[in-house]
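Dear colleague,

Please find the structure below, followed by a short account of one of its sheets.

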Amino acid sequence: MSRTTTRALGVLSRLAGMAATLLVTSFLVFSSLYLAPGDPASFLVRGRSAGPDELAQIRHRYGFDEPFFVRYWDWLGGVLHGDFGRSYVFHQDVGSVIWSRLPSTLLLIAASALLIAVVGVAAGIVGALRRGTRTDSMLMLLVTVGAAAPAFVAALLLRSLFGVKLGWFPTIGNGTGVLDRLHHVVLPAIALSVTFMAMVTRVTRSSMLEELGREHVEVAVSRGTPRWTVIRRHVLRNALGPIVTVSALLVSGMLVSTSIVETAFGMSGVGSLLVTSVNQMDFQVVQAIVLLVVAAFVVVNFLVDLVHPLIDPRVAAAGSAR
Amino acid sequence: MALLEYENLSIALPGMARPVLDGIDLTVSAGEIVALVGESGSGKSVTARSALGLFPTGADIDGHVRVDGTEVVGAGPAALRSIRTGTASMIFQDPRAGINPVRRIGDFLTESLRVSNGWDKGRANARAAELLAAVGLPDPERHLRQYPYELSGGMLQRVMIAGALTAGPRLLLCDEPTTALDVSTQAEIMAVLGRLQRERDLGMLLITHDIELAAAVCDRIYVMYAGRIVESAPTAQLFGTPRHPYTAGLLGSSPPLRAPDGPPARLVPIPGSPMGLLDSAPGCSFAARCRSARPGVCDRTVPRLERHGEALVACHLAEESLTSMDNTATREGS
């Protein structure tokens with residue numbers, strides 16, 4: 001079998017695996033919310049007095065009285081057609097409720113990912129190249145503090161310092177227009193990425209240090225290769241594997257952390273939507289967002305697996321030998 | 001003028017009881033093959049790396065290393081780069097570790113031509129293919145596109161040799177070039193190195209722990225022990241009449257190339273183990289392992305390298321031990 005065919009088969013089986021993962025997740029999500037305490041029907045009549053008959057009528061209208069598997073099947077069929085049901089709170093399609101908030105959340109995640117990739121990796125490179133110096137110890141101290149700082153603490157500190165005291169950045173809302181939106185996203189993005197930046201810095205530093213000690217690096221130096229060429233092509237290039245994997249997985253899990261940061265900065269987005277939906281027992285929305293979170297995770301994992309053979313050709317060889 | 005010249009080179013690392021190198025004097029002339037022989041930890045690799053300015057980090061360096069007249073100790077980046085990209089290059093022990101595993105063979109071979117000499121891709125590739133053919137690889141064009149994991153150890157060591165030749169050096173430093181390879185491949189690699197050395201009239205410093213290998217290819221041999229040169233002599237003389245007890249011990253503990261008629265040679269190991277960097281001795285470093293060591297002399301003062309005929313020997317007993325050594329430490333049957 002040619003290498004291309006083997007690669008293609010590998011990709012297909014990964015895709016099948018992804019579909020299976022999402023299916024299992026959808027079941028778990030649906031059943032956990034089904035089992036969760038609280039009756040959505042009684043929430044729907046909140047503020048009004050309702051007799052048992054009226055509640056039963058509501059349950060029947062929304063399909064709450066159907067057996068579990070029938071409800072799951074209906075929901076799954078809808079999801080496969082892009083219909084996530086209706087929000088009890090917004091009285092809108094869940095899809096459009098989420099869709100309208102997705103861009104601002106994606107902007108927040110993209111800004112954080114950029115910070116991780118640029119600042120986190122750069123700090124790791126500096127730490128590795130300046131190993132044992134004062135710069136390195138300072139960086140490692142910051143990394144320890146950063147890794148231990150929960151997003152909400154970072155959010156509060158950033159708001160009070162750069163938002164309230166110095167007044168450099170807005171402290172609330174999403175902003176309007178491109179520049180204003182970017183201005184609004186700076187502090188939340190930093191708050192969201194502090195912990196992740198610290199992790200990526202640490203991974204980059206240790207991965208770089210490991211590669212710096214390799215004999216092929218000494219060989220490159222012995223051939224008179226300029227220092228930065230050696231660092232780029234032989235150290236950083238070879239250290240990329242762990243850096244890419246960890247960064248990608250951290251970014252794919254960020255959707256969950258946006259709930260904290262968006263709430264702290266009073267932003268409208270998928271994260272803050274998740275918090276309000278949980279509070280208001282808007283199950284359809286919660287289900288859809290959780291499914292989205294898992295899908296993001298699975299898709300990023302898949303992409304990382306696709307990219308890995310490009311980073312290390314030995315991975316591709318091991319794959320086709322299997 | 002010697003192509004490679006060490007003059008009283010000493011390298012010390014902080015926190016160690018003895019220097020890594022202690023007053024090394026060594027020369028390699030153009031077209032000459034010289035071996036530097038010793039056990040692991042004797043400092044032979046450090047010596048070879050010093051020629052390219054690859055000193056251990058944090059080391060105190062004293063003395064001189066000159067490559068084609070250019071001083072290496074204290075040299076700036078430009079001078080070092082000119083030596084590394086022009087005059088001298090090094091072949092490392094383990095090609096599997098020494099060639100970047102995630103880049104193609106072609107990248108390895110053309111990198112210095114493209115980065116340091118500014119050649120374009122086509123010209124550098126053509127030159128790399130030429131070199132691969134010169135080291136006896138069957139399909140240069142294909143190898144250029146392959147990754148290191150696709151080649152065997154012996155093929156990779158040929159790639160390493162081709163890589164060392166890209167700059168057209170006059171001095172080749174070979175750090176145990178065959179140690180990581182299996183026996184049949186070792187002979188092939190040595191044959192390739194020997195041929196290239198003759199064709200290109202290269203000066204060659206061969207680092208090895210294998211004194212028989214050194215004897216087979218080299219004009220002169222330096223024997224190193226615990227950071228010092230203890231004996232140097234033309235190959236035939238060193239083999240015929242080793243003057244330093246350590247040299248004799250090395251010869252006695254390695255299997256001979258050809259077993260003569262009669263009973264197989266008996267191997268006599270050197271007692272004790274090599275001296276680590278955390279040990280030091282006030283006298284001769286080898287005294288503690290030496291059968292002929294004389295108390296009160298050998299363990300008191302460090303012997304200096306002195307001329308005995310064509311050889312330089314650092315042993316208090318060099319003159320008198322000549323005869324007794326023949327009886328005690330050389331192999332039976334030889």
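In which sense do strand E9 (residues 220–225) and strand E10 (residues 228–234) of chain B pair? The two strands, E9 and E10 of chain B, pair in the antiparallel sense over 6 bridges. Strands (E, at least two residues) and helices (H or I, at least four) are DSSP runs numbered from the N terminus, and two strands pair if DSSP finds at least two bridges between them. B:Val223 has B:Glu231 in E10(B) as its bridge partner.

This is a predicted model, in which local features need pLDDT of at least 70, side-chain atom pairs count only at pLDDT 80 or more, and totals for chains, interfaces and linings use all residues. Residues are numbered from 1 along each chain as its sequence is written, chains are lettered from A and ligands numbered from 1 in the order in which they are written, and side-chain values use heavy atoms, with hydrogens and water left out.

In chain B, an open sheet of 8 strands with mixed pairing follows the order E6-E7-E8-E3-E9-E10-E12-E11. Its edge strands, E6 (88–91) and E11 (306–308) of chain B, each pair on one side only.

Strand E9 of chain B also holds B:Ile221. This residue counts as buried because its relative accessibility is 0% (buried means under 20% relative accessible area, exposed over 50%, partly exposed in between, with a 1.4 Å probe and protein chains only). B:Ile221 and B:Val37 are 184 residues apart in sequence, yet their C-alpha atoms are 7.1 Å apart in space.

With kind regards
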